[in-house]
Structures are given as C-alpha cells and as structure tokens.
Amino acid sequence: MAVIDVEVRSQSPYANNESIGDYGTFERIDGVLHYAVDPNDVHNSNIVDIDLAPKDPAGKVRFSGDFTLIAPTHQTPRALLLEVPNRGNRLSFRMFNRANMEDLLRDPCAIGDGFIFQHGFALLSVGWQFDALGMKLHVPDATKDGCPLQGDVICRIQPSRSTKSMFVGQLGPASYRLNQDTADLARLYEQAHPNAVKVVLNPSSWSFGRINNKELEPSDEHISSHHGFSAGRLYTLVYNACGAPVVGLGLLALRDASAFFRSGKYPGRTAPPKCVIAFGASQTGRVLRHMLYEGLYVNEEDDLVLDGVMPHIAGAQRGDFNHRFAQPSSVGVPACGQLFPFAGRTTADLLTGQRGGLFRNNRDLPKVFQTNTSWEYWRGDAALAHVSTGGDIDIEPVPQERIYLFAGTHHINAVLPVSHKLAHSGDRVCYPMNTVSYTPLIRAALLNLLEWIEGTSIPPPSQIPRVADGTLVDRKTVIGKFENARGIDRLPNITAMPRLHVMDLGPRASQGICDFPAKEIQSYPALVCDVGDDLNENAGIRLPDLSVPLGVHTGWNLRHEDDGGSDQLATFAGFSLFDKTLISRKTKSMYLKNVQASIDQLVEGRFILEEDRNLLRQGAQIRYDLAERNAI
C-alpha cells in the first residue's frame, strides 16, 4: 500500500462529543500521511516528471501531506466522503452542513447542521496541493543530472484598480520564485479582454519589484511600472523559474489516501467504510475530472478505490494539476487543463480530428455526478461536457454518469443580504448578486449518488439543456433577450466573453512541458441554457425561484464600471433582479402556496430531500420579503 506511515498529531472528540443522528459520537483525527509510490508502475506513469523525482533505497518516490478524519467513534460509517480541499480550505462543512462563515473562522471543521454526519458519512480531507496555505502536500522537486529543472511559468492578472504594482500569485501565494539569472527573459503582455490580441510590453516599461513611497523595492512576487497598470486590462506574465515540484503527486495522494482509509487500517477505527465518494468544488471539481481522465480511481494494486466521484461547479475543464511548473490555483490561464476532451463519452473533436473522452480509462468507472451552476455555462465551457465540439450534437452521458444544471444559480451560491461585492476579492459587480441557493440540490445529489452506489435506487436522469429541444443555445441569443429588460442598462460584450480554444502549447505539451503563452487557434462553441419570457432558464433543475419567479436570476453579471473592463463578465457571479410587476400579481400566501407545489414536484422527482422542505419554504419567505424591499 502506498501509505507507509500515519503521523497522528491530534485525536479528540468531535462536536463536544454530542451524539449525531443514528451514528452516535464522532472523533476528529488530524495528522500527516506519508506516501511511497513506484514511479515505474503503470498506474503512476502518467504523472509528469515522476521519473525525475528522487528515489528511496527501494526505488520509491516519497512525499507527505496533511489529513483530517472525522468518523463515528463506535459505529461503522455508511460511507467515506473524500473531500478535496480547495486551495487548502475544507469544503464540506459549508457546502453540505451549512456552517456559517463566523463559525468556520473559529473552527474550519464547524459542524453546522451536521447533515453529512447524520447520514452516516465519515469525512476525510486530504492535502494534495503543494503550494496551498492550509492543508497541503510536501512533494520533491524533479531534477536532471542532479540539477534543478528550469522552465517558464505563466500568470494572468486583471487589476480592478489602476495601480503601479501587482501581485503575481494565482488566487494564492506565488507558486514559483523567479530565476534571477534569467529575469531579463521575462515577458509581459497586455490585452483588452481574454479574446483580444496580446501585445508584448517593452521590457523597459516594467520590472520585478514593488513600488513603495515612489521607490522600487525588491520582490519577485510583484511586478511594477511607473507608468502604471490599467484597471480592467489583462496582463499575462511569463517568467523563468528554477525548481519544479512534481505537482501531479497530489493526484496520487488523493487516490492512495482513499485506498488506505477504506481499508480500515487508519487510527481510531477497525471497520472500513462501505464505500467512498470523492467530492470537489470549482478548482477541486476540476481535480476530480483530471483524476477520472488519468484513471486514478484505481490504485497500484488495480483495486477500485473510489465508488463515486462528484465534481461540482467544474464545468468541462480539468486544470493545472499535472504538468511541469503547473499552478493548481490558476484560473482562466490557457494550459493543458483546457485541452480536449471535455465530455465523458469518447467522441471526435470536430475542430482537430482528434478522438478522446474524459473517461478514456473507463474500465470499472465509478459512478459520476457532475453538477454545475449557470455561471460555468456562461464561462464558456460547461456545455462541452455534453455537446459536440461543433456545438450541434448532444452527447449523451455514459450509463455510469449523471449531469445536472442547477438552473439560475451561480458559482458562489446564494449571496445574502443583497450585495454588489465579491466577499473573497472585494471586486464589485454591476447588478445585485444572485440570491438563489443550490444547497438543497447539492445535498440531494450526494444522497442520490450514495444510494446508486448502494444499489437501493437509480438516480434521476440528467437534467441539462439540449440542442435537440432548443434549450441549449449560443450566448448571443440569450443576451439579446435582455436588451429591453427592466433594470438592465448594460449588457456584456459578446466578443469579450471567455471561451475555450484549440491551442498550441508547443512540441512537448503531450509530455507535460508547455510553451507559454499558449497559441489560441480556434474557439470552441460556448453554449448556455435558453431563457423564457420571464428571462429565467428553461432547462435543468428549476428551484421555486425560477418556477414561481419574483424576478430574474442569472449565471452572468458584469464587472463594475469603476473597476475597468465593464463590458466583461464578472468572475464567479450572476445576478438577481426582482420585479414589482411580478410581486404585485400575487399575495405572499398565494406565492407560498405555489412554492409548496413546486417543492412537492422537486421532492417527488428526488431533486430535493424530504428533510429539506422547510429549508426551501424558509428560503422562499426570505426571498419574498427581499423582493418586496429590492424590486424595481
């Protein structure tokens, strides 16, 4: 087994040792897992540069990473939920247990309403990212002839304020230090939006360092220009780094931690869980798609170690998880993770002639649930998980797969109270952010997946917009329907919207060694769900917010006009606009009666759990009051 040692750093009762549901008390164990993998094993051979990592006397590559386990103290768990931390942050306590941010700041494992534990899950969080600030993985550097590797690193920055200095980290600390010996080879490009021509800036107009009190201070994590960088413009930096961690070992850590803990050999327990479901959201949903692509749900012993995989809000991308000088936290920078294939089923890329599928290693494929909000469609890629690269033919999910659109929702889930500011970045948006909560949907999806694995029920069919019935259309068609809408005074620039491209990453890209920036050759279609007369999406799973509307709820929003790039889509955000004319047509009691009928249908279809009826009813009451105060 690849886990060769468990270093327990703390072991204590969880949630004040209170009994949770039918599973009694739980305990929490924090520690470090130590791994040793065979670089020559066929199950590991797709990890870029694993052959260049240092070996122990047995010829194994060693690495180690953090873990947290929360499991029943005296009972066998119904299942193990393997969560993939997002940039070092645990996800499930907020995503499933509805723990609030105040509690999570005090304790990142705050119990919330205890949903996952009430349903018999043990929870395992595993550090997999070498450059994360929280839960992380410690991996060796690849070397050649005893020397560290050198190569190009790419960063993309879009400032929301005009500034003379910019930080070069990608939603986190800078992953790689500048190689000072080759600093003069760095290039900086500027463009108006993601699809505009990149213009290389004169090297004399900028430099590494940070301007403080008009003086340039040394820093290889900042770039500066006395002329300044303009708000809303895109800047792409390419620089040479020295020292290449074997980033892809993070994928093996997730695989092998799952194998170890499902064996029942972990501290504090003797009986193994009955099955394992892997869950990741956004960045880590893409990690799970990457694991599926690499076949890393089977370990070195050829055993299936993941029974279910649940990539959430990942769209149709993979990511920067398995190439040389990869940056796992990178967002929107074209690299290996944005290459074909996108759909699970093997198909032809009509733009290149290639054939491929996400599930190319589909022997013993786990059950897969892919869930997305409207925002991932508007980002330009989610539809490619179920439509041809020509954009004209629906691709049916494979039998072991379900795909669900949570209609009218956005990436960061409901934002309440009403806000025009993104909490994580402080960036502002044009319209009030989307208030629709997909929490009841993601909770039901998790239990539907578990029951499918257990063999007790078949999950609801995929709920997605389709070309065949006219519900999957191009973005221009939908934007055109908003032209005369109440409260809409600005629309996005269609040509500035992000999209995926056929790319040239250089002659060694297939080996995981990329030339940057990528040459973007031809764009793939970017399709979204069509909307009805009320401007709400007409396919996917529709919550009462859409089926009994008090306004319009979208997966797109615009950057604030003061932040630059105001004709461009805002990152992660949709909007909600409430309409006085809709509210005036129904009393609150009439509205709640119609909401109840919508909830009944969702429960009957198994898209909502019986236990979450009150959650939806309470949410409807909150949104009615919200609509009355904020309607236009």
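Let me start with a contact between a charge and a ring: the charged end of Arg402 sits over the ring of Trp452, at 4.7 Å from its centre. Please keep in mind throughout that what we are looking at is a predicted model. A second contact of this kind involves Arg318, whose charged end sits over the ring of Tyr293, 4.0 Å from the centre of that ring.

Those two residues, Arg318 and Tyr293, come back when we turn to the open space in the model, because they belong to the group, together with Leu339, Ala509 and Ser510, that lies nearest the centre of the second largest pocket. The lining of this pocket takes in 37 residues, and the space inside comes to about 710 Å³. If we ask which elements supply at least two residues each to the lining, they include helix α5, residues 283-294, and the strands β22, residues 355-356, and β26, residues 501-504. Sorted by class, the lining of the second largest pocket has 17 polar residues, 14 nonpolar and six charged.Let me now turn from the pocket to the enclosed cavities. How many cavities of 30 Å³ or more does the structure hold? There are six of them, and the largest has a volume of about 80 Å³. Its lining is made up of Ile154, Arg156, Gln191, Pro194, Lys198, Thr236, Val333, Pro334, Pro517, Ala518 and Glu520, and by class these residues divide into six nonpolar, two polar and three charged.

The second largest cavity has a volume of about 50 Å³, and among the residues that line it are Phe369, Tyr404, Phe406, Leu441, Ala444, Ala445 and Asn448. Two elements give two or more residues to this lining, namely β24, residues 401-406, and α7, residues 439-454, and of these α7 gives the most, with four residues. In terms of class, the lining of the second largest cavity has nine nonpolar residues, one polar and one charged.

I would like to move on to the sheets, beginning with the one that contains strand β11. Four strands form this open sheet, in the order β9-β17-β11-β12, and the pairing is antiparallel. Its edge strands are β9, residues 150-157, and β12, each of which pairs on one side only. Eight bridges join β9 to β17, and at one position in that pairing Ile157 stands opposite Tyr235 in β17.

Strand β11, residues 187-191, pairs with strand β17, residues 234-242, in the antiparallel sense over five bridges, and here Arg187 stands opposite Val238 in β17. With strand β12, residues 199-200, β11 again pairs in the antiparallel sense, this time over two bridges, and the bridge partner of Tyr189 in β12 is Val200. Why can we call β11 largely enclosed by the rest of the structure? Four of its five residues are buried, and so the description follows.

There is also an open sheet of three strands, with the order β8-β7-β18 and antiparallel pairing. The edge strands in this case are β8, residues 147-148, and β18, residues 244-245, and each of them pairs on one side only. Strand β7, residues 141-144, is joined to β8 by two bridges, and in β8 the bridge partner of Lys144 is Cys147.

Finally, let me come to the aromatic rings. A pair of aromatic rings is described by the distance of the centres and the angle of the planes. With ring centres required to lie within 6.5 Å, the count comes to 26 aromatic pairs. Consider Phe67 and Phe261, whose ring centres are 5.4 Å apart and whose planes stand at 55°, so that the pair is tilted; the angle falls between the limits of 30 and 60 degrees that separate stacked from edge-to-face pairs. Phe67 lies in strand β3, residues 61-72, while Phe261 lies in helix α4, residues 249-262, and the pair therefore ties together parts that are 194 residues apart in sequence. Are these two residues buried or exposed? Both Phe67 and Phe261 are buried.

Elsewhere, ring pairs link Trp378, Tyr431, Phe482, Trp556 and Phe575 into a cluster, and with that cluster I will stop and take questions.

Conventions. Residues are numbered from 1 along each chain as its sequence is written. This is a predicted model: local features need pLDDT of at least 70, side-chain atom pairs count only at pLDDT 80 or more; totals for chains, interfaces and linings use all residues. Side-chain values use heavy atoms; hydrogens and water are left out. Rings of Phe, Tyr and Trp (its six-membered ring) pair if their centres lie within 6.5 Å; planes under 30 degrees apart count as stacked, over 60 as edge-to-face and the rest as tilted. Buried means under 20% relative accessible area, exposed over 50%, partly exposed in between (1.4 Å probe, protein chains only). A charge sits over a ring if NZ of Lys or CZ of Arg is within 6 Å of the ring centre and within 35 degrees of the ring normal. On a 1 Å grid over the protein atoms alone, a cavity is a set of points where a 1.4 Å probe fits but cannot get out, and a pocket is an open set with protein on both sides within 12 Å along at least five of seven lines; lining residues have an atom within 4 Å of a point. Grid points are joined across faces, edges and corners, and a volume is the space filled by probe spheres set on the points. Ala, Val, Leu, Ile, Met, Phe, Trp, Tyr, Cys and Pro count as nonpolar, Asp, Glu, Lys and Arg as charged, and the others, Gly among them, as polar. Two strands pair if DSSP finds at least two bridges between them.
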